[in-house]
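User: I should like to learn how to read side-chain contacts in a structure. Could we work through the case shown here?

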Amino acid sequence: MVVADALSRSGITRLLDRMDRDGLITRTVSTTDRRRFDVSLTPAGQHRFDQAWPAHANGIGRYFVQPLAPRDVGELARILDTLIQANQNHDQPG
């Protein structure tokens, strides 16, 4: 989950508590770090996501893709891929 500074740890916990209560996610203890949980969407959570996604995808296209030239989109994709790869194992011991 990418939330940067938008939510505190307790805010994330409360959000996940509500999603769990509403049957949208399941939490299981991480197999690699027992202090953490792995979170998965339930079928109801996937359904909710599928309902909400089209509006979000439309906004992403309108605000982040349409203003860019095709070559800029390609360059942005390359840069984002580099950042994703660099941070893939950010929380794993070195």
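Analyst: We begin with aromatic pairs: rings of Phe, Tyr and Trp, the last through its six-membered ring, pair if their centres lie within 6.5 Å. Planes under 30 degrees apart count as stacked, and over 60 as edge-to-face. Please note that this is a predicted model.

User: How many aromatic pairs does a search of the whole structure find?

Analyst: The search of the whole structure yields 1 aromatic pair. The ring centres of F49 and W53 are 5.7 Å apart and their planes meet at 15°, so this pair is stacked.

User: In which helix do F49 and W53 lie?

Analyst: Both belong to helix α2 (residues 43–65). F49 and W53 are 4 residues apart, about one turn of the helix.

User: How is the accessibility of F49 to be read?

Analyst: The relevant cut-offs are under 20% relative accessible area for buried and over 50% for exposed, with partly exposed in between. F49 has a relative accessible area of 42%, so F49 is partly exposed. W53, at 39%, is partly exposed as well.

User: Let us turn to charged side chains. What is the general idea?

Analyst: Side chains of opposite charge can pair when their charged atoms come close. For a salt bridge, the cut-off is a Lys or Arg side-chain nitrogen within 4 Å of an Asp or Glu carboxyl oxygen. By this rule the structure has 6 salt bridges. One of them joins D17 and R27, whose closest N and O atoms are 2.6 Å apart. This pair links distant parts of the chain, 10 residues apart: D17 is in helix α1 (residues 9–21) and R27 in strand β1 (residues 25–29).

User: With which other side chain does R27 meet in a salt bridge?

Analyst: R27 also meets D20, with an N to O distance of 3.5 Å. As for accessibility, R27 is partly exposed at 25%, D17 is partly exposed at 36%, and D20 is partly exposed at 34%.

User: Are D33 and R35, which also form a salt bridge, buried or exposed?

Analyst: The two partners fall into opposite classes: D33 is buried, with a relative accessible area of 16%, whereas R35 is exposed at 73%. Their side chains meet at 2.9 Å, N to O.

User: Which residues do salt bridges that share partners join into one network?

Analyst: Shared partners join D17, D20 and R27 into one network.

Note on methods:
Residues are numbered from 1 along each chain as its sequence is written. This is a predicted model: local features need pLDDT of at least 70, side-chain atom pairs count only at pLDDT 80 or more; totals for chains, interfaces and linings use all residues. Side-chain values use heavy atoms; hydrogens and water are left out. Helices (H or I, at least four residues) and strands (E, at least two) are DSSP runs, numbered from the N terminus. Buried means under 20% relative accessible area, exposed over 50%, partly exposed in between (1.4 Å probe, protein chains only).
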